[in-house]
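Let's take a walk through a protein model together, one stop at a time. Keep the structure open beside you and turn it as you read.

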Amino acid sequence: MPATAFSVRFARELDVDQLAILMTGQQPTSARDGAELLSASGDAIRSDIQCSSCGKFGAHIVRSARSRASKAILRQAHFRFVDPNGGDAHHPFCEFHGNDETRSTQDSLLDFGSEKSAETRAIRLLVCKGIEQCIFDQRRIRDMRQWFFDLKSATRFTVSMPLEAISWAHALQRHPYYQRWQFHPSQAEMPAFDWKAAAKKQFTEEHLHLFELVKGGLLPFEDATWRQASELAQKNHGREVFDVTKLQPYYEAAISLCTFVAANGGVDFGKRQPEIYRWKGAPPALLALCALVLFVSDWDMNAAIAAFAKLLCAPEPSDVALGNVIGLNPFHEYGAWRLVIASGEVAAKSPNGLDYNAQLAAIEAALREQHRQWKENQH
């Protein structure tokens, strides 16, 4: 359900009411909303309005719906993209492809005009300055979206690994593999010998090749990201999806810029400390803005830092409405998809199954048996 879309004519992101004001010069009211004002402009809208994600044309206006009893809004006015045959005009890999009527607002789209937090207020001010200082404009924001969409859609893969691969890789990531200790049956003669700890250390020895993959391919994401990865794997199992690993160099650059700006910009971007952005994630609005500044700077880090210096030192913007922009977080679900892909790689090199607890139990039983046989041979 794209609540907003890009107007080529007006070179900006607009919702239905905003488009109605610009096209008709009239203000929507409760009696005559934006959709009704635009009812005679269907052809112009279809040729002008683009999907914010995949860039396709063919927009129709879907009117809002209210409850007859309570008058509460059941559905906001939004854009629906239809091809000449009446089908879905979105690219099959577009985040809006599917049932526009029921699809919720996308987390990848960020309202830079939001006043909900200190972070978004700070970003809104910087967006206003950026547009006023001609560092970027809404056309460039749309260009960035298309660039990222094309980059992701150029390479795809099918989600085919066993679904338990996520929990297996998560268990490996949490396993204390840095603790190394070689078991000998004589050690179990200690009066308070910890068999479970011994089993974990033996597990490490038997799975060193997997821990090399874990260290090289999996970042220590938070549990919420692992849950998201599991949900994505289940939802998309057997389906072809974007290969988000193609975004890695751009993600690394954006995180580096976020860290630098947050540490040196003198602006409050939230409670999370910049030095942990790489492991815990940067604030989404800041990440979106850093990606935009890097994009318009041709991914040159020093040029992007110079642009931020100009933003931060610029005077207060004369028009704060310039910040009413829907921006793109191109790395939405990036961490979770990386975990899906890496989990599949780990599962493919795990010949003894993907049940962490069962393997620990089997290893403990084997160690106890080694100890029993060793003790018998001592007599």
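Before we start, one bit of vocabulary: two residues are in contact when they have heavy atoms within 4.5 Å. Bear in mind, too, that this is a predicted model.

With that in hand, look for two helices, H7 (residues 195-206) and H15 (residues 356-377). Their axes come within 9 Å and cross at roughly 105°. Angles of 65 to 115 degrees count as roughly perpendicular, so that is the label for H7 and H15. Which residues of H7 meet H15? On the H7 side they are Trp195, Lys196, Ala198, Ala199, Lys200, Gln202, Phe203 and Glu206. The H15 side brings Tyr356, Gln359, Leu360, Ile363, Glu364, Leu367, Arg368 and His371.

Let's stay with one of those, Tyr356, which sits in helix H15. Is Tyr356 buried or exposed? Its relative accessibility is 15%, and the cut-off for buried is anything under 20%, so Tyr356 counts as buried. Skipping its neighbours within four places in sequence, Tyr356 is in contact with Trp168, Ala171, His175, Lys200 and Phe203. One of these, Ala171, is 185 residues away in sequence, yet the two C-alpha atoms are just 6.7 Å apart in space. With another, His175, Tyr356 makes a polar contact of 2.8 Å, side chain to side chain.

Trp168 also leads us to another helix pair. It belongs to a group in H6, with Ala165, Ile166, Ala169 and Leu172, that meets Leu339, Val340, Ser343, Val346 and Ala347 in H14. Helix H6 (residues 165-174) and helix H14 (residues 334-348) pack at about 85°, their axes 8 Å apart. That angle makes H6 roughly perpendicular to H14.

Now for the strands. Three of them form an open sheet in the order E2-E1-E3, with antiparallel pairing. E2 and E3 are at the edges with a single partner strand each, so one side of each has no neighbour in the sheet. E1 (residues 4-7) and E3 pair over two bridges, and Ser7 is opposite Ile49 in E3. Helix H1 (residues 16-24) lies across E2 and E3, at about 110° to E2.

Two residues let us compare the edges. Asp15, in E2, counts as partly exposed, because its relative accessibility is 28%. Its side chain reaches the backbone nitrogen of Asp17 at 3.2 Å. Beyond its close sequence neighbours (those within four places), Asp15 is in contact with Ala3, Thr4 and Phe79. Gln50, in E3, has a relative accessibility of 9% and therefore counts as buried. The Gln50 side chain reaches the backbone oxygen of Gly55 at 3.0 Å. Leaving out residues up to four places away in sequence, Gln50 touches a set that includes Ala5, Phe6, Phe81 and Arg142.

Finally, let's look inside. In soluble globular proteins, nonpolar side chains tend to be buried together. Here the largest nonpolar core has 76 residues, and those with the most contacts inside it are Phe136, Phe269, Leu286, Leu289, Phe308 and Phe331. Helix H12 (residues 284-296) gives the most to this core, eleven residues. A second, separate core has 22 residues, among them Phe10, Leu19, Phe81 and Phe149. Phe81 should ring a bell: Gln50 touches it too.

Note on methods: Residues numbered from 1 in each chain as written. Predicted model: local features only at pLDDT ≥ 70, side-chain atom pairs only at ≥ 80, totals over all residues. Heavy atoms only, no water. Helix = DSSP H or I, 4+ residues; strand = E, 2+ residues; numbered from the N terminus. Buried < 20%, exposed > 50% of the residue type's maximum accessible area, 1.4 Å probe, protein only. Polar contact = N/O pair within 3.5 Å; in protein donor to acceptor, adjacent residues only side chain to side chain. Pairing = 2+ DSSP bridges. Axes fitted to C-alpha atoms, helices over the stretch in contact; angles between N-to-C directions. Core = buried A, V, L, I, M, F, W, Y, C linked by side-chain atoms within 4.5 Å. Parallel < 35°, antiparallel > 145°, perpendicular 65-115°, else oblique.
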